[in-house]
Amino acid sequence: MIYCLVIVKGLGWLLWLFGVRGACCWLWCCGTRSKSWAEQVDFGDEGFLPPPTEDFNEKKGLKTITEYKHNDDGKVVKVIRTFKVETVKLSKSIAKRKVWKKFGAASGDPPGPNPANTVLTEEIQMQFVLNKEASQIDDDDPLSKLPKDGRVKIVQCRICKGDHWTTKCPYKDTLQPLQQKLEEGAKPEIAPVSAPVGPKSTAGGKYIPPTLREGANKGRGESMTMQRKDETATIRVTNLSEDTRESDLQELFRPFGPISRIYLAKDKNTGQSKGFAFINFHRREDAARAIQGVSGYGYDHLILNVEWAKPSTQQ
Amino acid sequence: MKPIMLHGHERSITQIKYNREGDLIFSAAKDSQPNVWYSLNGERLGTFVGHNGAVWCIDCNWDTTKVLTGAADNTCKLWDCETGTQISSLKTNTAVRTNGFSYSGNLIMYTTDKTMGFPCEIYIFDIRDGSQLQTGNPMSKVPIESPMPKITSAIWGPNEEYILTGHDGGDLNQFDLKGNWIKGCKDHSGQINDIQVYKDFSMFITASTDHTARLFDMETFEPLKMFKTERPVNSASISPLHEHVVLGGGQEASLVTTTSTRIGKFDARFYHLVFEEEFGRVKGHFGPINSIAFHPDGLSYSSGGEDGYVRVHYFDQNYLDFTFEY
């Protein structure tokens with residue numbers, strides 16, 4: 001047997017201070033005598049609140065309940081709750097249970113969900129973990145996602161602008177020394193290193209990072225050359241324990257010579273070390289001695305591995 | 001989906017259960033008042049007032065007329081579901097850890113903790129016999145002898161023939177109604193936190209602190225499947241609709257305050273029943289999930305967490321349409 005019943009489904013509820021609304025800018029405060037006479041005529045003495053109203057939109061099946069109450073600061077708050085009323089066909093036994101009287105701590109609750117106990121949360125999505133192997137392949141090789149017909153140039157030779165890696169350029173031996181000469185010749189001028197190779201026109205709609213755009217070249221050249229210098233005296237320390245701090249590294253490497261920079265890779269969330277660090281010495285000789293001295297050194301129950309840092313990808 | 005958050009408890013949830021038709025959710029927590037809710041809109045129907053300690057377990061019978069709760073105040077109480085009044089209260093020596101109605105609703109069982117010099121015991125009552133409830137003399141009583149670790153979870157087997165128990169050390173055992181040990185196995189290496197049956201009682205899933213949930217054949221105890229995670233599993237449930245299981249768990253409760261939500265892995269995790277592979281996660285709780293249950297129609301599920309909230313999730317169409325690629 002099928003019974004019909006009405007179920008009040010919470011859609012969410014809104015809450016705002018009266019004073020926030022533009023049209024009727026009243027800020028009611030209990031205990032103060034600053035009310036206008038109009039309010040007193042409308043609502044009588046303080047502590048009196050307008051009666052709750054109910055509005056039922058039959059077309060949309062929406063029920064709006066408006067209530068007024070005092071909040072903790074003594075201000076009057078208007079609470080508007082909107083419910084969707086649905087009629088659902090259910091089996092007789094469930095329908096009978098729907099009309100049971102509330103008991104225990106819920107005995108005083110009005111029909112419908114009590115907002116103190118039942119809260120509608122924000123929308124969340126189930127996160128699907130797709131086929132692991134497939135997703136890993138995709139992550140490893142973003143090139144495979146791109147169309148393979150060669151219209152999109154991914155690799156561009158720095159020498160001849162051809163569609164191959166710079167090292168495999170057929171004109172490497174002939175063109176590169178020429179370009180280097182050009183570069184050297186350009187150095188004393190204001191135009192920096194990348195000027196001859198840097199893309200000059202924005203035609204073609206290709207994205208050019210701000211640092212490579214025309215007019216943005218001034219500061220960049222210097223800092224780049226600085227970094228180049230630094231990298232020559234940089235060592236990479238791996239197999240560090242999780243608890244390692246920068247101060248520990250400083251203590252460990254300072255005996256070998258002045259250090260210009262220590263970079264310890266850390267997890268963004270936990271702040272723990274990821275197990276490797278880069279150390280820039282002022283002098284390359286110091287770095288070499290540090291490698292000699294510390295490589296294979298037992299530190300915090302792990303054996304350190306120290307080597308020259310590979311230069312970061314050169315542009 | 002837009003989960004409904006049920007906030008009726010002041011302390012962490014210990015167990016949640018749907019009734020047979022799925023219109024009500026029963027929730028027990030470490031505070032003294034178990035709650036009952038309408039699952040459709042999250043409206044609270046009532047609370048059962050009378051316990052004096054943490055309520056560890058809750059169950060209701062098949063026609064939703066009676067509710068059984070077991071608590072750390074050394075009582076197991078039988079309630080009338082419609083009015084929330086107490087029908088009877090069974091006094092025990094130690095805290096009641098697990099309980100359950102048999103399928104017919106005529107028999108009840110509960111197990112007690114091994115503390116204060118008292119052994120862990122299984123009690124079985126016939127609630128048709130009023131004298132048993134009045135005097136507190138059970139139909140049968142099964143002491144769990146000392147080499148066997150204490151019971152941490154228990155359910156009725158099919159046809160009310162036996163009781164299935166999960167133990168502290170990871171053992172699973174069957175006891176018949178006379179208290180005779182039938183058989184056992186030990187596949188888990190950690191405490192079994194939860195046992196839930198499939199809708200036709202042909203198999204059951206266990207959730208263990210050894211970071212796995214396992215699927216067993218009900219009759220033979222043959223281990224069928226294993227679902228691996230990186231954290232203790234507190235509860236696991238089998239979908240009655242799809243070949244899916246959902247696992248709830250996460251960081252141990254004692255370590256929760258020192259870890260962020262992301263690292264604690266408090267998500268509900270959905271695995272394919274056959275391929276043992278995880279395919280989905282649902283976030284929401286900010287503590288480990290202590291109890292998780294599928295709605296009997298498989299279109300929604302609920303989880304109760306250490307954070308004291310019960311969250312009712314109605315699945316989106318994209319879950320219902322989801323097919324596992326193989």
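Here are four short exercises with worked solutions on a predicted model.

**Exercise 1: Getting to know the chains**

Work out what share of residues is buried in chain A and in chain B.

*Solution.* Start with chain A: it runs to 315 residues, and 26% of them count as buried. Its accessible surface is about 22000 Å², with 54% belonging to carbon and sulfur atoms. Now turn to chain B, where 61% of the 326 residues count as buried. The accessible surface here is about 12100 Å², and carbon and sulfur atoms hold 49% of that. To finish, list the elements: chain A has seven helices and twelve strands, while chain B has three helices and 28 strands.

**Exercise 2: Into the core**

Find which residues have the most contacts inside the largest nonpolar core, and which elements supply it.

*Solution.* First, pick out the core itself: it has 20 residues, and Ile235(A), Phe253(A) and Phe281(A) are the ones with the most contacts inside it. Next, look for the suppliers. At least two residues each come from β7 (234-238), α6 (246-253), β8 (259-266), β9 (273-281) and α7 (284-294) of chain A. The largest share, four residues, is from α7(A). Last, zoom in on Ile235(A). Skip its neighbours within four places in sequence, and you'll find it in contact with residues including Phe253(A), Phe281(A), Ile291(A) and Trp308(A).

**Exercise 3: A strand and its partner**

Decide whether strand β22 of chain B is enclosed, then describe how it pairs with β23(B).

*Solution.* Step one: go through residues 233-238, which make up β22(B). Six of the six are buried, so this strand is largely enclosed by the rest of the structure. Step two: check the direction. β22(B) and β23(B), the latter covering residues 244-249, pair in the antiparallel sense over five bridges. Step three: pick one bridge to see on screen. Ala236(B) has Leu247(B) as its bridge partner in β23(B). Step four: look at the link. The two strands, β22(B) and β23(B), form a hairpin with five residues between them.

**Exercise 4: Out on the surface**

Say whether Tyr326(B) is buried or exposed, and which nonpolar patch it belongs to.

*Solution.* Begin by locating the residue: Tyr326(B) sits in the segment after α3 (317-320) of chain B. Then compare its accessibility with the cut-off, which is over 50% for exposed. Tyr326(B) has 78% relative accessibility, so it counts as exposed. Finally, see what joins it: Val274(B), Phe275(B) and Tyr326(B) form a nonpolar surface patch, together offering about 350 Å² of accessible area.

Notes. Residues numbered from 1 in each chain as written. Chains lettered and ligands numbered in written order. Predicted model: local features only at pLDDT ≥ 70, side-chain atom pairs only at ≥ 80, totals over all residues. Heavy atoms only, no water. Patch = residues over 30% accessible without salt bridge, like charges linked within 9 Å, V, L, I, M, F, W, Y side chains within 5 Å. Areas by Shrake-Rupley, 256 points an atom, 1.4 Å probe, with all protein chains shown as cover. Salt bridge = Lys/Arg side-chain N within 4 Å of Asp/Glu carboxyl O. Buried < 20%, exposed > 50% of the residue type's maximum accessible area, 1.4 Å probe, protein only. Pairing = 2+ DSSP bridges. Core = buried A, V, L, I, M, F, W, Y, C linked by side-chain atoms within 4.5 Å. Contact = heavy atoms within 4.5 Å.
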